Amino acid sequence: MKKDLVIGIDSSTTATKAIAWDATGRPVAEGRAPIPLANPGPGLFEQDPADWWGSTVAAVRGVLATVDPARIAAVGISNQRETVGLFDEGGAPLRPAIVWLDERAKRQVLSFSATFGEERIHAISGKPRDITPPVYRFVWLREHEPETWGRIGRIAEVHAFLTHRLTGEWATSTASADPMGVLDMAAMDWSGELLAALELSTTQLPRLVRPGGVTGQVAAAAAAETGLREGTPVVAAGG
């Protein structure tokens with residue numbers, strides 16, 4: 001059977017959509033599933049990474065209910081930016097993921113900008129001082145949840161987590177990594193300078209892939225859950 005379709009997975013703040021597209025850009029089939037959003041306190045927004053995966057499985061299965069998986073040439077991922085989770089080495093979450101809407105790190109925006117240097121942060125990451133980039137939530141977590149911070153195996157945004165569940169690889173698009181605020185925009189690599197200030201290493205972050213690059217292939221376990229064919233390429237997309 002001709003591989004004439006690609007599936008775009010869009011994991012957004014409240015739902016995951018999966019659409020099969022043909023080579024002309026025409027949508028052929030669609031699936032959708034909700035993602036719960038918790039608001040445990042004023043200005044606090046969290047999600048369970050298991051819900052990112054569960055909604056992705058449901059959305060993809062919605063597509064494959066009407067499209068033969070043998071037609072799928074590749075799968076691409078886009079996602080809600082600036083939403084990140086902390087995981088152990090096995091990929092289990094250490095705490096709920098913190099969503100881009102979260103405002104808990106207001107004080108850390110000021111304190112880290114003052115100690116590291118607001119102009120230096122901007123020069124490295126291209127990000128002005130703002131509550132949204134996760135770099136300031138990392139400071140908050142290190143200060144308020146040091147036990148959890150010390151147990152981190154991986155830090156991953158939605159793209160990297162879904163890639164890991166699909167392929168077994170911790171990898172993400174530079175377009176999704178950039179908004180985290182710890183990417184050196186000139187080198188297009190994680191900033192060693194910023195990571196050192198946060199007491200993190202590059203081994204705790206996903207491998208970077210330019211948009212359009214292949215991050216891995218669908219693994220057997222993910223194929224069984226989603227209905228995709230094992231070995232289907234997974235492609236980095238945007239945020």
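**Exercise 1.** Leaving aside neighbours within four places in sequence, which residues is Leu228 in contact with?

*Solution.* The model is predicted. Set the cut-off first: heavy atoms within 4.5 Å count as a contact. Then drop the neighbours within four places in sequence of Leu228. What remains is Ile7, Val60, Leu64, Pro69, Ile72, Val75, Leu166, Val218 and Ala223.

**Exercise 2.** Place Leu228 in its nonpolar core, and list the elements that build this core.

*Solution.* Start with the core. The largest nonpolar core has 32 residues. Leu228 is among those with the most contacts inside it, along with Ile7, Trp52, Val63, Ile72 and Leu166. Next, the elements. Two or more residues each come from β1, β2, α1, β6, α5 and α8 (220-226). Helix α1 gives the largest share, 7 residues. Finally, look elsewhere. Another core, of 29 residues, lies apart from this one and includes Val139, Met180, Leu194 and Leu195.

**Exercise 3.** Trace the open sheet of 6 strands and find its edges.

*Solution.* Read off the order: β3-β2-β1-β6-β15-β14, with mixed pairing. Now the ends. β3 (27-34) and β14 (214-217) each have a single partner strand, so one side of each lacks a neighbour in the sheet. On average, neighbouring strands are turned by 20° against each other, direction ignored. Take one pair in detail. Strands β2 (residues 15-21) and β3 run antiparallel, joined by 7 bridges. Lys17 stands opposite Arg32 in β3.

**Exercise 4.** Which strands does each of the helices α1 and α5 lie across?

*Solution.* Helix α1 (residues 49-64) lies across β1, β2, β3 and β6, at about 150° to β3. Helix α5 (residues 158-167) lies across β1, β6, β14 and β15, at about 150° to β6.

Note on methods: Residues numbered from 1 in each chain as written. Predicted model: local features only at pLDDT ≥ 70, side-chain atom pairs only at ≥ 80, totals over all residues. Heavy atoms only, no water. Pairing = 2+ DSSP bridges. Helix = DSSP H or I, 4+ residues; strand = E, 2+ residues; numbered from the N terminus. Axes fitted to C-alpha atoms, helices over the stretch in contact; angles between N-to-C directions. Core = buried A, V, L, I, M, F, W, Y, C linked by side-chain atoms within 4.5 Å. Buried < 20%, exposed > 50% of the residue type's maximum accessible area, 1.4 Å probe, protein only.
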